[in-house]
Amino acid sequence: MKKTKSTAAFKKAKTFFPGGVNSPVRAFGSVDGDPLFIAKGKGSKIQDIDGNKFIDYCCSWGPLILGHAPSAVVKAVNKASANGLSFGAPTVQENELAELIIKNNKYIEKIRFVSSGTEAVMSAIRLARGYTEKDKIIKFEGCYHGHADHLLVKAGSGLATFGTSSSAGVPEAFANETIVLPLNDTKAIEKAFSTFYNQIACIIIEPIPANNGLLLQGKEYLQYLRDITKKHNALLIFDEVISGFRVGFEGAAGYYGIKPDIITYGKIIGGGMPVGAYGSSAKIMSKIAPDGNVYQAGTLSGNPVAMSAGKAQLSQCLKKGFYKSLEQKTKILCDGVNQFATREKMPFKMISIGSIFWLRFSKNEIKSANDIDPKSMNSFRKLYTCLLENGVYMGPSGYEVGFVSAAHSDDDIKKTIKVLKDGLKKALK
Ligand SMILES: *Cc1c(COP(=O)(O)O)cnc(C)c1O
């Protein structure tokens, strides 16, 4: 595989950006070689600046549910941008995207658009604190919620009480307001609610945890979170930045039939443009400025070009059979590889929900972050090189999930199964 142009571009990028990138996981720190610089994408394929082509399952980390440069979205962006890129005043494009979402999602009554998932979650937490007039929050080890200070927190040592910051620059005083608990452990939650009686504003969870492997939780567990938050007058926040519009138009809330108090969105909602959002009941949302006293604002929030892209993409998602077909393709991909892995007695399984999949290098079910063996990432590293060399691109870390888009063809899936089988043979030797 020719890589001279990407290698040169990365060398240059390192003189401009920390680690040569504008977001850390792009740096290929967990796999071999330098990152590839992507020149263009169309449908299920991307092409790097050396001319190598790949079937892409990273899909910009999830936003591209229709694949790359879908004509409906590109057209909408062209049309909107010809009329001006931003006004900082209301536009009807904001109404249109909001109407499309709220009409087709019974879990939210009002929404606020922001420009990233991080911003959506940060604002949702502030809203929960403002609404409940409590400070502490519960998050889970293995869930990612963007890089706001109080969420860059990992479990402290000792008796899982206070969190400790997982990034320099986050004051311990902030981290102390975040309680970090293992997933799938109801006892830990009960204990936190009794230790911090009447101090907990909210529980935030990725209802489909997909940022540290795919740590699928049981519905009973999510229902338990719903019940205990209600009991203690705390809010339940579903961070659906990945799962929203991915496992169905109503996301994980609709998938499990559980109504959280606040839902955050990102990724798919913007059709590839920078959009995030949080939504809730009209009552809770009335706390947000200018109606209420929880402040939150954005110069480029509800940007008309981004709103148009989101509307064009989400309109496609609403077509009959859209999610069913994505799920079927994903199932064919996973079944094809899993039959082989079982026959070969490999410690490997592709697990999936909707069109999200994860390459799990273990025979056992994994429901919490601590159950992932870090050593299994060596196998991913070996596999990853084989994938690239054979024209399959995925997120460059074994902790990341992959995404099947509407643009992936039966042929793409067939080819990918073969490449994965061959790669696994080499990686697990
Ligand atoms: C990606 C992600 C975020 C952060 O979104 P950005 O747009 O990267 O700021 C937050 N929560 C979840 C669940 C995510 O997957």
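Where is Asn 184 found? Asn 184 is in the loop that runs between strand 8 (178–181) and helix 6 (186–195). Before I go on, please keep in mind that this is a predicted model.

I start with Asn 184 for its backbone. Its phi is near 60°, a positive value in a residue other than glycine. At 38% relative accessibility, Asn 184 counts as partly exposed. A second asparagine belongs with it. Asn 198 also has a positive phi, of about 60°, although it is not a glycine. Asn 198 lies in the loop between helix 6 and strand 9 (200–205). Its relative accessible area is 52%, so Asn 198 counts as exposed. Helix 6 therefore has one of these asparagines in the loop before it and the other in the loop after it.

One more backbone item. Which peptide bond is cis, with omega near 10°? The bond from Ala 289 to Pro 290 is. Pro 290 sits in the loop between helix 9 (282–285) and helix 10 (304–317).

Next, a sheet. It is an open sheet of 4 strands, in the order 1-2-3-15, and its pairing is mixed. The edges are strand 1 (38–42) and strand 15 (392–393); each has a single partner strand, so one side of each is left without a neighbour in the sheet. Inside the sheet, strand 2 (residues 45–48) and strand 3 (residues 53–56) run antiparallel and are joined by 3 bridges. Taking one residue as an example, Ile 46 has Phe 54 of strand 3 as its bridge partner.

Now the cysteines. How many disulfides does the structure hold? The count is 0. Cys 58 is in no disulfide, and the nearest cysteine sulfur, that of Cys 59, is 7.1 Å away. The cut-off for a disulfide is sulfur atoms within 2.5 Å. Cys 58 has 6% relative accessibility and so counts as buried. Cys 202 is in no disulfide either; for this residue the nearest cysteine sulfur belongs to Cys 143, at 13 Å. With 0% relative accessibility, Cys 202 also counts as buried.

On to helix packing, with helix 13 (residues 410–427) as the common element. I will take helix 12 (residues 377–389) as the first partner. Helix 12 and helix 13 pack at an angle of about 135°, and their axes are 8 Å apart. That angle makes helix 12 oblique to helix 13. Why oblique, and not roughly antiparallel? Because roughly antiparallel requires an angle over 145 degrees, and this one is about 135°. The crossing is right-handed. On the helix 12 side, the residues that meet helix 13 are Ser 379, Lys 382, Leu 383, Cys 386 and Leu 387. They face Val 419, Leu 420, Gly 423, Leu 424, Lys 426 and Ala 427 in helix 13.

The other partner is helix 11 (residues 322–343). Helix 11 and helix 13 pack at about 30°, with their axes 9 Å apart. Helix 11 is therefore roughly parallel to helix 13. This crossing, too, is right-handed. Helix 11 makes the contact through Lys 329, Ile 332, Leu 333, Gly 336, Val 337 and Phe 340. On helix 13 the contact involves Ile 413, Thr 416, Ile 417, Leu 420, Lys 421, Leu 424 and Lys 425. Leu 420 and Leu 424 are thus on the list for helix 11 and on the list for helix 12.

I will finish with two buried residues and their surroundings.

Ser 355 is in the loop between strand 13 (349–353) and strand 14 (356–360). Is this loop residue buried or exposed? Ser 355 is buried, since its relative accessible area is 1%. Beyond its neighbours within four places in sequence, Ser 355 is in contact with Arg 246, Leu 326, Thr 330, Gly 402, Phe 403 and Val 404.

The other is Leu 97, which has its place in helix 3 (residues 92–103). Leu 97 has a relative accessible area of 0% and is buried. Which residues does Leu 97 contact, leaving aside neighbours within four places in sequence? They are Phe 113, Ile 269, Met 307, Gly 310, Lys 311 and Leu 314. One distance to close: Leu 97 and Leu 127 are 30 residues apart along the chain, and 22 Å separates their C-alpha atoms.

Definitions and conventions
Residues numbered from 1 in each chain as written. Predicted model: local features only at pLDDT ≥ 70, side-chain atom pairs only at ≥ 80, totals over all residues. Heavy atoms only, no water. Pairing = 2+ DSSP bridges. Helix = DSSP H or I, 4+ residues; strand = E, 2+ residues; numbered from the N terminus. Buried < 20%, exposed > 50% of the residue type's maximum accessible area, 1.4 Å probe, protein only. Contact = heavy atoms within 4.5 Å. Axes fitted to C-alpha atoms, helices over the stretch in contact; angles between N-to-C directions. Parallel < 35°, antiparallel > 145°, perpendicular 65-115°, else oblique. Left-handed = near helix turned anticlockwise from the far one by under 90°.
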